Amino acid sequence: MSKKKVKKLIDEKDVRHDGRKLNELRHIKIEVGALGNADGSAYVEHGKNKILAAVYGPKEVHPKHLALPDRTLLRCRYHMAPFSVQERKSPAPSRREKELSKVIREAFEPSVFTEYYPKTSIDIFIEVLQADGGTRCAGITAASLALADAGIPLRDLVSACAAGKVEGRLVLDLTDVEDKEGEADLPLAYMSNLNAITLLQMDGMLTSEEFEQAINLAVEGCKQIYQLQKEALKDKYVEVKEAIEKEAEEQ
Amino acid sequence: MTSPVVARVKQKRIAQLISLGKRLDERGLTDYREAQVEVGVIEKAEGSARVRLGRTEVLVGIKIEIGEPFSDVPNKGVLTVNAELVPLASPTFESGPPNENAIELARVVDRGIRESEAIDIEKLCIEPGKKVFIVFVDVYVLNYDGNLIDASALAALAALLNTKVFNYEVKEGEVQIKPGYKSLPILNYPIAVTFAKINDKLVVDPWLEEEQVMEARLTMTIEKDGKICALQKGGDGYFRIQQILEAAKIARQKAAELRKLVVKK
(Lines give C-alpha, C1' and ligand atoms only; values in the text may rest on other atoms or scores of the structure.)
Protein backbone atom coordinates (compact mmCIF):
# COMPACT_ATOMS: atom_id res chain seq x y z
CA MET A 1 0.00 0.00 0.00
CA SER A 2 1.16 3.51 -0.73
CA LYS A 3 2.04 5.79 2.15
CA LYS A 4 -0.63 8.26 3.16
CA LYS A 5 0.23 11.84 2.27
CA VAL A 6 1.38 13.58 5.42
CA LYS A 7 1.29 17.11 4.07
CA LYS A 8 -2.17 18.56 4.01
CA LEU A 9 -3.34 20.70 1.11
CA ILE A 10 -5.60 22.87 3.26
CA ASP A 11 -4.63 23.81 6.84
CA GLU A 12 -6.84 24.53 9.88
CA LYS A 13 -7.11 28.19 8.93
CA ASP A 14 -8.46 27.35 5.45
CA VAL A 15 -5.17 28.32 3.85
CA ARG A 16 -4.22 26.27 0.80
CA HIS A 17 -0.81 24.75 0.10
CA ASP A 18 0.21 27.77 -1.97
CA GLY A 19 -1.09 30.31 0.54
CA ARG A 20 -4.40 31.07 -1.17
CA LYS A 21 -7.86 31.25 0.36
CA LEU A 22 -10.44 28.67 -0.72
CA ASN A 23 -12.14 30.99 -3.21
CA GLU A 24 -9.06 32.79 -4.44
CA LEU A 25 -7.65 32.69 -7.96
CA ARG A 26 -3.96 32.29 -8.63
CA HIS A 27 -2.05 35.32 -9.85
CA ILE A 28 -2.84 35.97 -13.51
CA LYS A 29 -0.65 37.92 -15.93
CA ILE A 30 -1.95 38.61 -19.41
CA GLU A 31 -0.21 40.02 -22.45
CA VAL A 32 -2.21 40.63 -25.62
CA GLY A 33 -0.39 40.52 -28.96
CA ALA A 34 2.57 38.46 -27.82
CA LEU A 35 3.51 37.06 -31.23
CA GLY A 36 4.56 38.75 -34.47
CA ASN A 37 3.19 36.54 -37.23
CA ALA A 38 -0.23 35.57 -35.90
CA ASP A 39 -3.30 37.65 -36.76
CA GLY A 40 -4.04 37.70 -33.06
CA SER A 41 -2.21 36.33 -30.04
CA ALA A 42 -2.01 36.37 -26.27
CA TYR A 43 0.26 35.08 -23.55
CA VAL A 44 -1.20 34.11 -20.19
CA GLU A 45 0.52 33.19 -16.96
CA HIS A 46 -2.02 31.65 -14.63
CA GLY A 47 -0.13 30.69 -11.50
CA LYS A 48 2.66 28.49 -12.85
CA ASN A 49 0.81 27.81 -16.11
CA LYS A 50 2.47 29.55 -19.04
CA ILE A 51 0.37 29.51 -22.16
CA LEU A 52 0.59 31.02 -25.64
CA ALA A 53 -2.43 31.28 -27.91
CA ALA A 54 -2.43 32.37 -31.54
CA VAL A 55 -5.21 32.89 -34.06
CA TYR A 56 -4.85 32.79 -37.83
CA GLY A 57 -7.80 33.84 -39.96
CA PRO A 58 -10.33 34.28 -41.33
CA LYS A 59 -8.43 32.76 -44.24
CA GLU A 60 -8.83 30.33 -47.10
CA VAL A 61 -9.56 26.77 -45.96
CA HIS A 62 -7.02 24.03 -46.44
CA PRO A 63 -7.98 21.39 -47.46
CA LYS A 64 -10.67 23.11 -49.51
CA HIS A 65 -13.38 20.45 -49.17
CA LEU A 66 -13.70 21.22 -45.45
CA ALA A 67 -15.03 24.72 -46.16
CA LEU A 68 -18.56 25.39 -44.91
CA PRO A 69 -21.02 27.19 -47.18
CA ASP A 70 -22.72 29.23 -44.47
CA ARG A 71 -20.09 29.94 -41.83
CA THR A 72 -16.43 29.88 -40.99
CA LEU A 73 -14.73 26.63 -40.09
CA LEU A 74 -13.46 27.07 -36.56
CA ARG A 75 -10.55 24.81 -35.74
CA CYS A 76 -8.57 24.43 -32.57
CA ARG A 77 -5.41 22.67 -31.55
CA TYR A 78 -4.57 22.41 -27.87
CA HIS A 79 -1.08 21.10 -27.42
CA MET A 80 1.38 20.66 -24.57
CA ALA A 81 5.09 21.19 -25.04
CA PRO A 82 7.22 18.11 -24.19
CA PHE A 83 8.97 20.10 -21.46
CA SER A 84 5.79 21.54 -19.92
CA VAL A 85 5.40 18.78 -17.34
CA GLN A 86 7.62 16.89 -14.89
CA GLU A 87 8.08 13.81 -17.04
CA ARG A 88 8.64 14.59 -20.72
CA LYS A 89 5.45 14.37 -22.70
CA SER A 90 5.64 12.94 -26.20
CA PRO A 91 5.01 15.77 -28.68
CA ALA A 92 2.53 13.62 -30.63
CA PRO A 93 -1.04 14.73 -29.81
CA SER A 94 -2.45 12.46 -27.10
CA ARG A 95 -6.07 11.38 -26.80
CA ARG A 96 -6.47 13.88 -24.00
CA GLU A 97 -5.20 16.71 -26.20
CA LYS A 98 -7.53 15.69 -29.01
CA GLU A 99 -10.52 15.67 -26.69
CA LEU A 100 -9.57 19.04 -25.21
CA SER A 101 -9.05 20.53 -28.68
CA LYS A 102 -12.63 19.51 -29.46
CA VAL A 103 -14.26 20.85 -26.32
CA ILE A 104 -12.25 24.09 -26.49
CA ARG A 105 -13.36 24.64 -30.09
CA GLU A 106 -16.94 24.04 -28.98
CA ALA A 107 -16.43 26.55 -26.17
CA PHE A 108 -15.67 29.24 -28.77
CA GLU A 109 -18.41 28.42 -31.28
CA PRO A 110 -21.05 30.41 -29.36
CA SER A 111 -18.65 33.34 -28.98
CA VAL A 112 -17.57 33.86 -32.60
CA PHE A 113 -19.90 35.31 -35.25
CA THR A 114 -19.07 32.35 -37.49
CA GLU A 115 -21.75 33.32 -40.01
CA TYR A 116 -19.81 36.49 -40.93
CA TYR A 117 -17.11 34.58 -42.77
CA PRO A 118 -18.55 31.74 -44.86
CA LYS A 119 -16.10 29.48 -46.74
CA THR A 120 -13.15 30.55 -44.59
CA SER A 121 -11.37 29.07 -41.60
CA ILE A 122 -10.25 30.50 -38.29
CA ASP A 123 -7.53 28.47 -36.62
CA ILE A 124 -6.86 28.67 -32.91
CA PHE A 125 -3.55 27.32 -31.61
CA ILE A 126 -2.98 26.87 -27.89
CA GLU A 127 0.49 25.87 -26.75
CA VAL A 128 1.01 24.98 -23.14
CA LEU A 129 4.63 25.89 -22.37
CA GLN A 130 4.37 25.01 -18.69
CA ALA A 131 1.52 23.19 -16.99
CA ASP A 132 0.34 23.31 -13.39
CA GLY A 133 -3.33 22.36 -13.39
CA GLY A 134 -6.07 24.20 -15.23
CA THR A 135 -4.30 24.46 -18.59
CA ARG A 136 -7.44 24.09 -20.67
CA CYS A 137 -9.00 26.99 -18.78
CA ALA A 138 -5.95 29.26 -19.04
CA GLY A 139 -5.74 28.23 -22.70
CA ILE A 140 -9.31 29.38 -23.28
CA THR A 141 -8.67 32.66 -21.47
CA ALA A 142 -5.67 33.25 -23.74
CA ALA A 143 -7.32 32.09 -26.97
CA SER A 144 -10.34 34.32 -26.44
CA LEU A 145 -8.02 37.32 -26.25
CA ALA A 146 -6.15 36.13 -29.32
CA LEU A 147 -9.47 36.02 -31.22
CA ALA A 148 -10.26 39.56 -30.07
CA ASP A 149 -6.73 40.68 -30.95
CA ALA A 150 -7.21 39.24 -34.45
CA GLY A 151 -10.16 41.61 -34.84
CA ILE A 152 -12.70 38.81 -35.17
CA PRO A 153 -16.20 39.93 -34.16
CA LEU A 154 -17.18 38.21 -30.91
CA ARG A 155 -20.45 38.06 -29.01
CA ASP A 156 -18.45 38.12 -25.80
CA LEU A 157 -15.07 37.14 -24.42
CA VAL A 158 -14.86 33.61 -23.05
CA SER A 159 -13.25 33.26 -19.62
CA ALA A 160 -12.51 29.95 -17.98
CA CYS A 161 -11.49 28.53 -14.65
CA ALA A 162 -12.06 25.42 -12.59
CA ALA A 163 -13.66 24.76 -9.24
CA GLY A 164 -13.30 21.52 -7.38
CA LYS A 165 -13.20 19.64 -4.13
CA VAL A 166 -10.05 19.13 -2.13
CA GLU A 167 -9.96 17.44 1.27
CA GLY A 168 -13.71 17.80 1.56
CA ARG A 169 -13.71 21.54 0.80
CA LEU A 170 -14.86 23.33 -2.32
CA VAL A 171 -12.05 25.39 -3.82
CA LEU A 172 -11.52 27.68 -6.79
CA ASP A 173 -8.81 27.29 -9.44
CA LEU A 174 -7.07 24.01 -8.61
CA THR A 175 -3.34 23.54 -9.02
CA ASP A 176 -1.92 20.31 -10.37
CA VAL A 177 -1.49 18.67 -6.94
CA GLU A 178 -4.95 19.80 -5.85
CA ASP A 179 -6.38 18.24 -9.01
CA LYS A 180 -4.46 14.97 -8.53
CA GLU A 181 -4.97 14.62 -4.77
CA GLY A 182 -8.41 16.21 -4.68
CA GLU A 183 -11.83 14.62 -4.99
CA ALA A 184 -13.25 16.57 -7.92
CA ASP A 185 -12.27 18.97 -10.69
CA LEU A 186 -14.83 20.97 -12.66
CA PRO A 187 -13.46 23.16 -15.44
CA LEU A 188 -15.93 25.68 -16.81
CA ALA A 189 -15.89 28.35 -19.53
CA TYR A 190 -18.28 31.25 -19.35
CA MET A 191 -19.35 34.32 -21.30
CA SER A 192 -19.98 36.91 -18.59
CA ASN A 193 -22.18 39.36 -20.51
CA LEU A 194 -24.35 36.63 -21.99
CA ASN A 195 -24.46 34.48 -18.87
CA ALA A 196 -23.69 31.40 -20.94
CA ILE A 197 -21.63 28.33 -20.03
CA THR A 198 -19.73 27.18 -23.10
CA LEU A 199 -17.52 24.49 -21.64
CA LEU A 200 -18.33 22.19 -18.76
CA GLN A 201 -16.52 19.06 -17.74
CA MET A 202 -16.06 17.30 -14.45
CA ASP A 203 -14.35 14.35 -13.00
CA GLY A 204 -14.58 13.31 -9.40
CA MET A 205 -17.54 13.00 -7.11
CA LEU A 206 -19.91 15.74 -6.05
CA THR A 207 -23.32 15.70 -4.41
CA SER A 208 -26.06 17.84 -5.97
CA GLU A 209 -25.49 20.60 -3.39
CA GLU A 210 -21.73 20.59 -3.90
CA PHE A 211 -22.25 20.58 -7.63
CA GLU A 212 -24.42 23.69 -7.52
CA GLN A 213 -21.91 25.47 -5.27
CA ALA A 214 -18.98 24.43 -7.46
CA ILE A 215 -20.66 25.78 -10.59
CA ASN A 216 -21.38 29.10 -8.91
CA LEU A 217 -17.83 29.27 -7.56
CA ALA A 218 -16.34 28.63 -11.01
CA VAL A 219 -18.64 31.21 -12.59
CA GLU A 220 -17.51 33.80 -10.03
CA GLY A 221 -13.91 32.97 -10.89
CA CYS A 222 -14.65 33.42 -14.59
CA LYS A 223 -16.17 36.85 -13.90
CA GLN A 224 -12.96 37.96 -12.19
CA ILE A 225 -10.88 36.67 -15.09
CA TYR A 226 -13.20 38.51 -17.49
CA GLN A 227 -12.25 41.83 -15.86
CA LEU A 228 -8.55 40.99 -16.22
CA GLN A 229 -9.07 40.08 -19.88
CA LYS A 230 -10.81 43.38 -20.60
CA GLU A 231 -8.04 45.35 -18.89
CA ALA A 232 -5.36 43.47 -20.84
CA LEU A 233 -7.10 44.21 -24.12
CA LYS A 234 -7.48 47.89 -23.25
CA ASP A 235 -3.84 48.08 -22.17
CA LYS A 236 -2.61 46.91 -25.54
CA TYR A 237 -4.79 49.31 -27.47
CA VAL A 238 -3.96 52.23 -25.20
CA GLU A 239 -0.32 51.54 -26.04
CA VAL A 240 -1.15 51.46 -29.74
CA LYS A 241 -3.14 54.68 -29.47
CA GLU A 242 -0.34 56.45 -27.58
CA ALA A 243 2.21 55.34 -30.16
CA ILE A 244 0.06 56.73 -32.98
CA GLU A 245 -0.47 60.02 -31.16
CA LYS A 246 3.24 60.37 -30.46
CA GLU A 247 4.04 59.78 -34.09
CA ALA A 248 1.47 62.38 -35.12
CA GLU A 249 3.00 64.95 -32.75
CA GLU A 250 6.49 64.37 -34.09
CA GLN A 251 5.43 65.04 -37.65
CA MET B 1 -17.11 12.71 -39.84
CA THR B 2 -19.66 14.56 -41.89
CA SER B 3 -23.06 14.71 -40.28
CA PRO B 4 -26.07 12.96 -41.77
CA VAL B 5 -28.41 15.26 -43.63
CA VAL B 6 -31.79 16.12 -42.17
CA ALA B 7 -34.13 18.22 -44.27
CA ARG B 8 -34.57 21.80 -43.05
CA VAL B 9 -38.31 21.37 -42.87
CA LYS B 10 -37.90 18.33 -40.62
CA GLN B 11 -35.35 20.13 -38.45
CA LYS B 12 -37.83 22.93 -38.00
CA ARG B 13 -40.61 20.50 -37.13
CA ILE B 14 -38.46 18.75 -34.52
CA ALA B 15 -37.56 22.06 -32.90
CA GLN B 16 -41.12 23.39 -32.98
CA LEU B 17 -42.56 20.25 -31.41
CA ILE B 18 -40.00 20.37 -28.60
CA SER B 19 -40.95 23.93 -27.74
CA LEU B 20 -44.48 22.54 -27.30
CA GLY B 21 -43.14 19.80 -25.02
CA LYS B 22 -43.53 17.07 -27.67
CA ARG B 23 -41.19 15.02 -29.80
CA LEU B 24 -41.36 13.73 -33.34
CA ASP B 25 -41.18 10.12 -32.15
CA GLU B 26 -43.91 10.83 -29.58
CA ARG B 27 -41.69 10.51 -26.53
CA GLY B 28 -41.91 12.90 -23.60
CA LEU B 29 -38.98 15.29 -23.21
CA THR B 30 -37.44 13.19 -20.45
CA ASP B 31 -38.25 9.73 -21.84
CA TYR B 32 -35.64 7.30 -23.02
CA ARG B 33 -36.19 5.19 -26.08
CA GLU B 34 -36.78 1.51 -25.36
CA ALA B 35 -33.56 0.11 -23.96
CA GLN B 36 -32.55 -3.54 -24.23
CA VAL B 37 -29.55 -5.10 -22.59
CA GLU B 38 -28.13 -8.52 -23.48
CA VAL B 39 -25.05 -9.85 -21.70
CA GLY B 40 -22.55 -12.57 -22.51
CA VAL B 41 -23.01 -12.29 -26.26
CA ILE B 42 -19.34 -12.92 -27.11
CA GLU B 43 -18.05 -16.12 -25.52
CA LYS B 44 -14.38 -15.46 -26.21
CA ALA B 45 -14.43 -12.14 -24.41
CA GLU B 46 -14.10 -12.14 -20.60
CA GLY B 47 -17.22 -10.00 -20.52
CA SER B 48 -19.61 -8.56 -23.09
CA ALA B 49 -22.92 -6.80 -23.53
CA ARG B 50 -25.03 -5.51 -26.34
CA VAL B 51 -27.27 -2.51 -25.71
CA ARG B 52 -30.03 -1.29 -27.98
CA LEU B 53 -31.38 2.17 -27.37
CA GLY B 54 -34.11 2.54 -29.94
CA ARG B 55 -32.21 1.91 -33.19
CA THR B 56 -28.84 2.75 -31.69
CA GLU B 57 -26.87 -0.42 -31.10
CA VAL B 58 -23.59 -0.78 -29.21
CA LEU B 59 -21.54 -3.84 -28.38
CA VAL B 60 -18.95 -3.78 -25.62
CA GLY B 61 -16.37 -6.50 -25.17
CA ILE B 62 -14.06 -6.80 -22.18
CA LYS B 63 -10.67 -8.43 -22.48
CA ILE B 64 -8.38 -9.00 -19.52
CA GLU B 65 -4.65 -9.32 -19.82
CA ILE B 66 -1.69 -9.34 -17.48
CA GLY B 67 0.65 -6.39 -17.77
CA GLU B 68 2.70 -3.83 -15.88
CA PRO B 69 1.09 -1.21 -13.62
CA PHE B 70 1.79 2.51 -14.01
CA SER B 71 4.82 3.47 -11.94
CA ASP B 72 2.90 6.08 -9.89
CA VAL B 73 0.24 3.54 -8.82
CA PRO B 74 2.18 0.23 -8.56
CA ASN B 75 -0.58 -1.56 -6.61
CA LYS B 76 -3.47 -0.86 -8.95
CA GLY B 77 -4.80 -2.57 -12.03
CA VAL B 78 -5.19 -0.66 -15.26
CA LEU B 79 -8.42 0.36 -17.00
CA THR B 80 -8.37 1.20 -20.70
CA VAL B 81 -11.41 2.29 -22.67
CA ASN B 82 -11.40 2.53 -26.44
CA ALA B 83 -14.25 3.25 -28.83
CA GLU B 84 -14.60 2.38 -32.49
CA LEU B 85 -17.13 4.08 -34.71
CA VAL B 86 -17.23 1.06 -37.02
CA PRO B 87 -17.96 2.01 -40.65
CA LEU B 88 -20.79 -0.52 -40.86
CA ALA B 89 -22.72 1.49 -38.25
CA SER B 90 -23.43 4.58 -40.32
CA PRO B 91 -22.84 6.00 -43.81
CA THR B 92 -21.04 8.88 -42.09
CA PHE B 93 -18.47 6.71 -40.30
CA GLU B 94 -15.15 6.16 -42.04
CA SER B 95 -12.47 3.58 -41.41
CA GLY B 96 -9.18 4.75 -39.99
CA PRO B 97 -7.80 5.74 -36.62
CA PRO B 98 -10.33 7.03 -34.05
CA ASN B 99 -11.40 10.60 -34.78
CA GLU B 100 -12.21 13.21 -32.13
CA ASN B 101 -15.77 11.91 -31.75
CA ALA B 102 -14.60 8.38 -31.05
CA ILE B 103 -11.95 9.65 -28.64
CA GLU B 104 -14.46 11.81 -26.80
CA LEU B 105 -16.91 8.89 -26.56
CA ALA B 106 -14.24 6.60 -25.11
CA ARG B 107 -13.00 9.22 -22.67
CA VAL B 108 -16.47 10.07 -21.37
CA VAL B 109 -17.26 6.37 -20.80
CA ASP B 110 -13.85 5.97 -19.16
CA ARG B 111 -14.40 8.97 -16.87
CA GLY B 112 -17.66 7.55 -15.53
CA ILE B 113 -16.14 4.16 -14.71
CA ARG B 114 -12.91 5.59 -13.32
CA GLU B 115 -14.26 8.44 -11.23
CA SER B 116 -17.07 6.43 -9.65
CA GLU B 117 -14.45 3.77 -8.84
CA ALA B 118 -16.73 1.20 -10.43
CA ILE B 119 -13.96 -1.38 -10.57
CA ASP B 120 -12.00 -2.16 -7.42
CA ILE B 121 -8.68 -1.80 -9.22
CA GLU B 122 -6.64 -2.46 -6.09
CA LYS B 123 -7.94 -6.03 -6.20
CA LEU B 124 -6.54 -6.34 -9.72
CA CYS B 125 -2.97 -6.22 -8.48
CA ILE B 126 -1.06 -9.49 -8.80
CA GLU B 127 2.43 -8.38 -7.74
CA PRO B 128 2.84 -4.71 -6.75
CA GLY B 129 4.95 -2.79 -9.25
CA LYS B 130 5.31 -5.83 -11.50
CA LYS B 131 2.14 -7.52 -12.57
CA VAL B 132 -1.46 -6.38 -12.60
CA PHE B 133 -4.59 -7.11 -14.57
CA ILE B 134 -5.35 -4.73 -17.42
CA VAL B 135 -9.05 -4.38 -18.18
CA PHE B 136 -9.67 -3.45 -21.81
CA VAL B 137 -13.14 -2.03 -22.42
CA ASP B 138 -13.75 -1.90 -26.16
CA VAL B 139 -16.83 -0.05 -27.30
CA TYR B 140 -18.02 -1.13 -30.73
CA VAL B 141 -20.76 0.98 -32.27
CA LEU B 142 -22.88 -1.21 -34.55
CA ASN B 143 -25.75 1.08 -35.51
CA TYR B 144 -25.73 4.82 -35.05
CA ASP B 145 -29.03 6.51 -34.34
CA GLY B 146 -27.97 9.09 -31.77
CA ASN B 147 -26.89 9.17 -28.13
CA LEU B 148 -23.88 6.90 -28.38
CA ILE B 149 -22.58 7.99 -24.99
CA ASP B 150 -25.47 6.65 -22.91
CA ALA B 151 -25.74 3.43 -24.90
CA SER B 152 -21.98 2.85 -24.66
CA ALA B 153 -21.75 3.64 -20.95
CA LEU B 154 -24.68 1.32 -20.24
CA ALA B 155 -23.18 -1.46 -22.34
CA ALA B 156 -19.78 -0.99 -20.68
CA LEU B 157 -21.30 -1.30 -17.21
CA ALA B 158 -23.38 -4.33 -18.20
CA ALA B 159 -20.30 -5.96 -19.71
CA LEU B 160 -18.15 -5.27 -16.63
CA LEU B 161 -20.81 -6.83 -14.41
CA ASN B 162 -20.73 -9.85 -16.68
CA THR B 163 -16.92 -10.13 -16.69
CA LYS B 164 -15.06 -13.14 -15.38
CA VAL B 165 -11.42 -13.00 -14.33
CA PHE B 166 -9.46 -16.24 -14.64
CA ASN B 167 -8.01 -17.78 -11.49
CA TYR B 168 -4.25 -17.74 -11.18
CA GLU B 169 -1.38 -18.50 -8.88
CA VAL B 170 2.10 -17.00 -8.73
CA LYS B 171 4.92 -19.55 -8.81
CA GLU B 172 8.49 -18.24 -8.68
CA GLY B 173 7.46 -14.90 -10.12
CA GLU B 174 5.51 -16.49 -12.96
CA VAL B 175 1.74 -16.17 -13.18
CA GLN B 176 0.07 -19.46 -13.93
CA ILE B 177 -3.53 -19.64 -14.99
CA LYS B 178 -5.66 -22.09 -13.05
CA PRO B 179 -9.06 -23.47 -13.97
CA GLY B 180 -12.11 -21.51 -12.89
CA TYR B 181 -13.17 -17.90 -12.85
CA LYS B 182 -14.11 -15.12 -10.44
CA SER B 183 -16.30 -12.11 -11.16
CA LEU B 184 -14.64 -8.76 -11.63
CA PRO B 185 -14.73 -6.83 -8.31
CA ILE B 186 -17.35 -4.10 -8.92
CA LEU B 187 -17.99 -1.34 -6.36
CA ASN B 188 -20.16 1.17 -8.18
CA TYR B 189 -22.65 1.49 -11.02
CA PRO B 190 -22.18 4.68 -13.03
CA ILE B 191 -24.92 5.59 -15.51
CA ALA B 192 -24.55 8.30 -18.17
CA VAL B 193 -27.54 10.49 -18.94
CA THR B 194 -27.30 12.76 -21.98
CA PHE B 195 -29.34 15.86 -22.70
CA ALA B 196 -29.73 17.81 -25.89
CA LYS B 197 -30.65 21.48 -25.80
CA ILE B 198 -33.13 22.24 -28.56
CA ASN B 199 -35.00 25.52 -28.80
CA ASP B 200 -33.65 26.34 -25.33
CA LYS B 201 -35.32 23.21 -23.87
CA LEU B 202 -33.69 20.06 -22.57
CA VAL B 203 -34.54 16.65 -23.96
CA VAL B 204 -33.17 13.34 -22.74
CA ASP B 205 -31.66 10.65 -25.01
CA PRO B 206 -31.57 12.55 -28.33
CA TRP B 207 -31.88 10.36 -31.41
CA LEU B 208 -29.91 11.06 -34.56
CA GLU B 209 -32.15 13.72 -36.07
CA GLU B 210 -32.44 15.56 -32.77
CA GLU B 211 -28.67 15.54 -32.55
CA GLN B 212 -28.58 17.31 -35.92
CA VAL B 213 -30.88 20.01 -34.59
CA MET B 214 -29.48 20.40 -31.08
CA GLU B 215 -27.63 23.52 -30.02
CA ALA B 216 -25.58 21.77 -27.37
CA ARG B 217 -25.23 18.49 -25.54
CA LEU B 218 -24.61 17.69 -21.88
CA THR B 219 -23.76 14.32 -20.39
CA MET B 220 -23.99 13.70 -16.66
CA THR B 221 -22.79 10.44 -15.18
CA ILE B 222 -24.46 9.51 -11.91
CA GLU B 223 -23.10 6.93 -9.50
CA LYS B 224 -25.11 4.57 -7.30
CA ASP B 225 -25.75 7.04 -4.45
CA GLY B 226 -26.91 9.79 -6.79
CA LYS B 227 -23.68 11.76 -6.80
CA ILE B 228 -22.39 13.23 -10.04
CA CYS B 229 -19.13 11.58 -11.08
CA ALA B 230 -18.53 12.92 -14.58
CA LEU B 231 -19.70 15.70 -16.85
CA GLN B 232 -19.15 16.57 -20.47
CA LYS B 233 -20.58 19.42 -22.47
CA GLY B 234 -20.45 19.04 -26.23
CA GLY B 235 -21.80 20.80 -29.29
CA ASP B 236 -21.56 24.35 -30.56
CA GLY B 237 -24.01 26.03 -28.17
CA TYR B 238 -24.09 26.98 -24.52
CA PHE B 239 -26.05 26.26 -21.34
CA ARG B 240 -27.47 28.49 -18.64
CA ILE B 241 -26.66 27.70 -15.01
CA GLN B 242 -30.33 26.97 -14.33
CA GLN B 243 -30.48 24.47 -17.21
CA ILE B 244 -27.49 22.61 -15.84
CA LEU B 245 -29.00 22.38 -12.37
CA GLU B 246 -32.31 21.22 -13.83
CA ALA B 247 -30.46 18.59 -15.88
CA ALA B 248 -28.74 17.33 -12.72
CA LYS B 249 -32.12 16.69 -11.09
CA ILE B 250 -33.53 14.82 -14.10
CA ALA B 251 -30.29 12.88 -14.54
CA ARG B 252 -30.53 11.41 -11.04
CA GLN B 253 -34.01 10.04 -11.71
CA LYS B 254 -33.17 8.73 -15.15
CA ALA B 255 -29.95 7.10 -13.95
CA ALA B 256 -31.87 5.22 -11.26
CA GLU B 257 -34.31 3.92 -13.89
CA LEU B 258 -31.61 2.85 -16.34
CA ARG B 259 -29.51 1.23 -13.62
CA LYS B 260 -32.31 -1.29 -12.99
CA LEU B 261 -31.74 -2.63 -16.52
CA VAL B 262 -28.21 -3.79 -15.73
CA VAL B 263 -28.02 -4.18 -11.95
CA LYS B 264 -30.28 -6.99 -10.86
CA LYS B 265 -30.69 -6.99 -7.11
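These are my notebook entries on a predicted model with chains A and B.

**Entry 1: the sheet in chain A**

I began with the strands of chain A. Five of them form an open sheet, and I wrote down the order as β1-β2-β3-β5-β4, with mixed pairing. Which strands sit at the edges? I found β1 (28–32) and β4 (73–80) of chain A there, as each of them pairs on one side only. I also looked up the twist: ignoring direction, neighbouring strands of this sheet are turned by 15° against each other on average.

**Entry 2: β3 and its two partners**

Next I followed strand β3 of chain A, residues 49–60. On one pairing, β2(A) and β3(A) are antiparallel and share seven bridges. I picked out one facing pair there, S41(A) opposite A54(A) in β3(A). The two strands make a hairpin with two residues between them. In that turn I noted G47(A), which has a positive phi of about 60°.

For the other pairing, I looked at β5 of chain A, residues 120–130. Nine bridges join β3(A) to β5(A), and the two strands run antiparallel. Here V55(A) stands opposite I124(A), and E60(A) has T120(A) as its bridge partner in β5(A).

Is β3(A) mostly enclosed or mostly open? I counted it as largely enclosed by the rest of the structure, because nine of its 12 residues are buried.

**Entry 3: a helix across the sheet**

I then looked for a helix that lies on these strands. Helix α2 of chain A, residues 135–149, lies across β1, β2 (40–46), β3, β4 and β5 of chain A. Against β2(A), this helix runs at about 150°.

**Entry 4: the nonpolar core**

My next stop was the largest nonpolar core, which has 145 residues. Which residues touch the most other members? My list reads A53(A), A142(A), L188(A), V139(B), L154(B), A155(B) and A156(B), so both chains are on it. The largest share of this core comes from helix α3 of chain B (residues 148–161), which gives 11 residues.

I took L188(A) from that list for a closer look. Leaving out residues up to four places away in sequence, I found that L188(A) touches several others, among them A160(A), I197(A), L199(A), V219(A) and C222(A).

**Entry 5: where the chains meet**

Now I turned to the contact between the chains. I noted 27 residues of chain A in contact with 27 residues of chain B. On the chain A side, the elements giving two or more residues are α1, β9 (196–206) and α4 (208–250). The largest share, 11 residues, comes from β9(A). By class, this side of chain A has 12 nonpolar, seven polar and eight charged residues.

I checked what β9(A) pairs with. Four bridges join it to strand β12 of chain B (residues 228–234), and the two run antiparallel. One facing pair to find on screen is Q201(A) with Q232(B) in β12(B).

**Entry 6: two helices crossing**

Last, I looked at α1 of chain A (residues 95–108) and α2 of chain B (residues 100–115). Their axes are 9 Å apart and they pack at an angle of about 105°. Why do I call them roughly perpendicular? The angle falls in the range from 65 to 115 degrees, which counts as roughly perpendicular, so α1(A) gets that label against α2(B).

R95(A), K98(A), E99(A) and K102(A) meet E100(B), I103(B), E104(B) and R107(B) here. I sorted the residues of this contact by class and got one nonpolar, no polar and seven charged.

Notes: Residues are numbered from 1 along each chain as its sequence is written. Chains are lettered from A and ligands numbered from 1 in the order in which they are written. This is a predicted model: local features need pLDDT of at least 70, side-chain atom pairs count only at pLDDT 80 or more; totals for chains, interfaces and linings use all residues. Axes are lines fitted to C-alpha atoms, for helices over the stretch in contact, and angles run from 0 to 180 degrees between N-to-C directions. Angles under 35 degrees count as roughly parallel, over 145 as roughly antiparallel, 65 to 115 as roughly perpendicular and the rest as oblique. Two residues are in contact if their C-beta atoms, placed from the backbone, lie within 7 Å. Ala, Val, Leu, Ile, Met, Phe, Trp, Tyr, Cys and Pro count as nonpolar, Asp, Glu, Lys and Arg as charged, and the others, Gly among them, as polar. Two strands pair if DSSP finds at least two bridges between them. A nonpolar core is a set of buried Ala, Val, Leu, Ile, Met, Phe, Trp, Tyr and Cys residues joined through C-beta atoms within 7 Å. A residue is buried if 20 or more other C-beta atoms lie within 10 Å of its own, exposed if 12 or fewer, and partly exposed in between; C-beta atoms are placed from the backbone.
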